[in-house]
Amino acid sequence: MPQAPTPNGPSRLPAWSGDVTRVPYWVYRDKDLAKTEQMRLFEGPVWSFLCLESEIAEPGDWRATVVGEMPVVVARDTDGSIAAFENRCAHRGALICLDNAGKGAKDFLCVYHAWRYDLRGNLRSVAFRHGVNGQGGMPKDFSLEGHGPRKFRTSTTCGLVFGTFHDETPDLETYIGADVLGHFKRILDGKKIEIIGRYVEVLPNNWKMYAENVRDSYHASLLHMFFATFKINRLSQGGGLTISPNGGCSVSTSLAPMDSNDKTYNDIRSVDDDYKLEDTNLLDVVDEHNDLIRQQIVTIYPNFVVQKTQNAMAMRYYTPNGIDRTNLEWIYFGYADDTLEMRQRRLRHLNLGGPAGFVSMEDGCIGGFVERGIATALDESSIVEMGGSGTVSETTRATEAAVRGFWVLWRKMVGV
Amino acid sequence: MMLLRLAELNAAYAQAIDTDQLESWPDFFVEDCLYKITSADNHKAGYAAGIVYADTGAMLRDRVNALRTANIYERQSYRHIIGLPVIGTDQMSAETPFMVARIMRDGKTALFATGVYLDKLRETNGKLRFVQRIVVCDSSYFDTLLAIPL
């Protein structure tokens with residue numbers, strides 16, 4: 001069992017006594033806390049992204065993923081329903097599925113001792129259960145029903161599959177909140193979506209630094225020169241920040257620039273009016289939803305993002321890889337009914353995102369700069385006070401309200 | 001002989017990147033080129049999106065300009081080791097394996113990427129250039145970020 005949680009922080013370090021406008025640096029570095037986080041948060045009352053419905057379209061299709069650091073299988077059962085379970089044989093704990101995905105499975109067989117599971121993860125048979133030549137075998141009272149990997153409750157919205165371990169997790173759409181869900185649905189647009197690329201960026205930082213980064217509407221136009229210079233996302237453009245009632249899910253929205261003479265960013269590093277692109281196709285935007293929105297970053301607590309920047313669309317699923325690494329999976333997608341021209345535009349605009357993105361590469365390294373900066377400062381805190389101390393929706397993005405919202409829910413679940 | 005000409009081209013390509021002469025990197029391509037960095041899994045699945053996708057020479061020059069003036073990343077350099085090409089029957093396409101080590105400013109040297117270049121070539125005025133260079137990395141995992149082109 002993981003160690004008991006440390007409600008006031010590791011004993012050698014100061015307690016997190018104040019509110020979420022100060023975040024102590026030990027939350028990114030404490031190994032015992034990471035175990036508690038797995039148990040209370042990832043296996044707690046949250047909805048974790050599992051896969052796209054289209055990836056497991058037919059009965060017997062399955063995918064392997066992780067929830068926190070737990071290996072998980074998600075599969076389409078013979079009746080068309082979706083099941084998800086821990087990828088761990090009940091017998092000796094080996095992985096049941098050894099690849100990233102498969103099609104047409106009738107059942108799952110552990111390679112170690114041939115224990116067999118159905119598509120829902122129920123243990124169906126044990127090799128030599130009744131022994132060989134009348135000898136050996138499992139005790140007569142061994143029950144198949146009483147053993148098996150832990151199972152998730154699953155739910156879907158907009159063609160995406162989510163899972164939770166906890167009985168008390170509210171239904172998925174309540175959890176996301178109506179306002180955030182509305183923006184989520186705008187991006188997915190009721191359309192059949194098609195994966196067009198899939199990459200993993202291994203970040204040199206604790207996963208929570210990235211959870212903060214995707215909620216941090218304050219940094220976008222300051223760190224990222226492409227956002228500010230090309231007016232994709234400046235805080236002076238219209239838009240706002242939407243936060244779910246639980247604080248954990250959010251949407252940062254940036255509207256098309258209206259003021260061609262915006263002086264707000266004069267003397268800010270990230271704006272260079274002399275900086276030009278030779279190929280302006282990168283900025284050739286089609287307003288697909290007729291709403292002037294140039295960028296939307298939708299976060300679903302704890303570790304999932306759906307986003308649209310200009311005409312590029314992506315999902316991001318980031319999971320802990322040890323305490324000081326994060327696996328950030330990028331899933332690029334388009335609509336199945338894209339014209340060739342629109343698909344080509346998406347491919348070009350995707351140069352903004354991903355491990356080599358003109359914008360996103362900077363988020364790839366920034367967490368590492370923090371990790372190294374705080375190396376000997378675990379008893380110090382960061383300041384999360386832009387826009388005050390609130391955690392509710394705002395019409396400005398010059399605020400860290402969504403970062404605070406993340407921490408409010410994190411503290412409640414982890415018990416710190 | 002094509003093998004020697006390609007080996008020479010790849011040697012010059014690697015030298016340009018590894019010695020930080022990135023401004024000359026777009027000159028290895030024709031204007032109506034396709035340069036894409038993808039991975040074996042993405043390539044096999046037929047996924048069109050790369051982590052870098054440039055289908056004009058201007059996009060290659062924009063990439064270099066962004067690295068020079070816009071993007072934030074730590075100082076780093078590459079060492080390319082490019083293997084011998086397998087030349088296609090049309091003599092103007094090739095598959096060439098590569099390994100790239102990345103050297104960070106703090107001195108850490110690590111194997112950053114391995115893979116194969118899927119090339120199509122065109123000769124103009126006696127000079128060979130890439131019409132297409134699809135960089136198929138063996139792994140879909142990239143450490144921290146990819147700034148300098150492969």
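The legends below describe close-up views of a predicted model with chains A and B.

Local features are given where pLDDT is at least 70, side-chain atom pairs count only at pLDDT 80 or more, and totals for chains, interfaces and linings use all residues. Residues are numbered from 1 along each chain as its sequence is written, chains are lettered from A and ligands numbered from 1 in the order in which they are written, and side-chain values use heavy atoms, with hydrogens and water left out.

**View 1. An open antiparallel sheet in chain A.**
The sheet has 4 strands in the order S5-S4-S3-S6. Strands here are DSSP runs of E with at least two residues, helices are runs of H or I with at least four, and both are numbered from the N terminus. Two strands count as paired if DSSP finds at least two bridges between them. Strands S5 (82-86) and S6 (101-102) of chain A stand at the edges with a single partner strand each, so one side of each has no neighbour in the sheet. Strand S3 (residues 62-67) of chain A pairs with S6(A) in the antiparallel sense over 2 bridges. A:Arg63 has A:Ala101 in S6(A) as its bridge partner.

**View 2. Helix H8 of chain A and its surroundings.**
Helix H8 (residues 360-373) of chain A has 14 residues, and its end C-alpha atoms are 20 Å apart, which agrees with the expected span of 20 Å. That expected span is 1.5 Å times one less than the number of residues. Buried residues of H8(A) include A:Ser360, A:Met361, A:Cys365 and A:Glu371; buried means under 20% relative accessible area, exposed means over 50%, and partly exposed lies in between (1.4 Å probe, protein chains only). The buried residues of H8(A) pack against strand S12 (193-203), helix H4 (207-215), helix H5 (220-223), helix H6 (225-229) and strand S18 (326-335) of chain A, and also against helix H3 (57-70) of chain B.

**View 3. A salt bridge from helix H8 to a loop of chain A.**
A:Glu371 and A:Arg29 form a salt bridge, with the closest N and O atoms 2.7 Å apart. A salt bridge is a side-chain nitrogen of Lys or Arg within 4 Å of a carboxyl oxygen of Asp or Glu. A:Glu371 lies in helix H8 of chain A and A:Arg29 in the loop between strand S1 (22-24) and helix H1 (31-42) of chain A, so the pair ties together parts that are 342 residues apart in sequence. A:Glu371 counts as buried at 6% relative accessibility, whereas A:Arg29 counts as partly exposed at 27%.

**View 4. A salt bridge between two loops of chain A.**
The side chains of A:Glu43 and A:Arg150 meet in a salt bridge (3.1 Å, N to O). A:Glu43 lies in the loop between H1 and strand S2 (48-52) of chain A, and A:Arg150 in the loop between strand S9 (123-125) and strand S10 (153-157) of chain A, so parts 107 residues apart in sequence are tied together. A:Glu43 is buried at 15% relative accessibility, and A:Arg150 is partly exposed at 38%.

**View 5. The contact between the two domains of chain A.**
Chain A is divided into domain 1 (48-155) and domain 2 (178-414), with bounds taken from an automatic or database domain assignment. The contact (heavy atoms within 4.5 Å) takes 11 residues from domain 1 of chain A and 11 residues from domain 2 of chain A. The centres of these domains, taken over C-alpha atoms, are separated by 36 Å. The two domains bury about 910 Å² between them, 61% of it on carbon and sulfur atoms; buried area is the accessible area (1.4 Å probe) that two parts lose on being put together, summed over both. A:Phe49, A:Leu52 and A:Glu69 supply 55% of the area that domain 1 of chain A buries against domain 2 of chain A, more than any other three residues. The count between the domains is 1 salt bridge.

**View 6. The interface of chain B with chain A.**
In this interface, 37 residues of chain B are in contact with 36 residues of chain A. The chains bury about 3,300 Å² between them, 54% of it on carbon and sulfur atoms. The count between chain B and chain A is 3 salt bridges. A:Arg348 and B:Asp55 meet through their side chains in a salt bridge (3.0 Å, N to O).
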